[in-house]
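Grab a pencil and work through these exercises one at a time. Try each task yourself before you read its solution.

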Amino acid sequence: MNKKVNIPQKDAGRKWAQRLKELSQQRPPQDLVDKLNQTEDKAKVAKPAAPQKALEV
Amino acid sequence: MKFLRTLTELTAFLEQHRLELGCLADTSFLYALSYQDDRLYSRANDVSDILAETNIPIYTNVIGRVEFIDLIFRKQITFGAIELFATLSTNSTHRDVYNLLKNIRDQDTAHRRDCQSFKISEGRLKDLRTAIENAVGPLNWRQFCGQYAGSKLFSEWQIIEQELGLNFIEILEGQVAPFFKEPVTWSDMVQVMSDQGIRAPDAMIANLFAKSKFKLLVTGDKDFEACFSNSLHTQEDQAILFL
């Protein structure tokens, strides 16, 4: 069976390059940015508080 | 064997020879078509337009197909890493990720100064994946890859190949028809590799061209000149276009 032969289309490379450029200029996922920007202080705040001994019976 | 170095020489060659089968290309040409920061971008696209005007399909081997998509993936992740670094605070607790991303951004800047298109190596890609997974988990790494090189890009891959006019030759050991005048063998490829001191994917293309009925090879890799000047036998009506 003969396969269809692909023939280059004019300007196809430039359109493809533009598509890749647009894809590369997106902002990274916000969830990832937020997690990576967590500072030590925020990390401490985010941790659950240690149980207070005074409350122990 | 002729070496062509200008578009005028290419046009003259195409007027003198009928390229019924199409032309052969390596990944340096395909990559140059794809990224505006590649020094050969304009030339590669001008060549692609000439091939489009003259209805000449572009062929490479399946190794070239794998190499091409791998280069695109690593380049997209490089862009993503640079974008991610731009959003990071210098106070981030994830110093491994911060330092890796900064290093990638700095290398990209240095390459741009030399008009070269930078993409992370396979080793650096693994380092980045490990660092991000360790810092924030594998789900975020997968989201990151999906954003810059995921289904949005690769689901369209076959359409992109059609538009670029790409075709792929799957070679069986000793195969002749329809593209080859002599059988293509693994041992000949290994011989080219060891004689010329070039990587296996390049040796495959060189061996394939030498044994093929293709009259034109398009490449940005100057190593092929030495390769064909030294020992590989070709026909007089074959030519290599250097971008």
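**Exercise 1.** How many helices and strands are there in chain B?

*Solution.* Start with the ground rules. This is a predicted model, where local features need pLDDT of at least 70, side-chain atom pairs count only at pLDDT 80 or more, and totals for chains, interfaces and linings use all residues. Residues are numbered from 1 along each chain as its sequence is written, while chains are lettered from A and ligands numbered from 1 in the order in which they are written. Now count the DSSP runs, numbered from the N terminus: H or I of at least four residues for a helix, E of at least two for a strand. Chain B has twelve helices and six strands.

**Exercise 2.** Find out which elements of chain B have the lowest and the highest mean pLDDT.

*Solution.* First, the scale: pLDDT is the predictor's confidence in each residue, from 0 to 100. Next, the chain as a whole: the mean for chain B is 91, with 96% of its residues at 70 or more. Then go element by element: helix α8 (residues 151-154) of chain B comes lowest with a mean of 72, and helix α3 (residues 41-53) of chain B comes highest with 97. A handy caution: where pLDDT is low, don't read the predicted coordinates in detail. For the complex, the predictor gives an ipTM of 0.86 and a pTM of 0.86.

**Exercise 3.** Work out which element of chain A gives the most to the side that touches chain B.

*Solution.* Call two residues in contact if their C-beta atoms, placed from the backbone, lie within 7 Å. By that rule, 30 residues of chain A meet 45 residues of chain B. On the chain A side, α1 (12-24), α2 (30-36) and α3 (40-46) of chain A each give two or more residues. The winner is α1(A), with nine residues.

**Exercise 4.** Describe how the two domains of chain B meet.

*Solution.* Step one is the bounds, which come from an automatic or database domain assignment: domain 1 is 2-67 + 156-242 and domain 2 is 70-154 of chain B. Step two is the spacing: the centres of domain 1 and domain 2 of chain B, taken over C-alpha atoms, are 31 Å apart. Step three is the contact itself, with eleven residues from domain 1 of chain B and ten residues from domain 2 of chain B. On the domain 1 side, α2 (27-34) and α4 (62-87) of chain B each supply at least two residues. The largest share there, three residues, belongs to α2(B).
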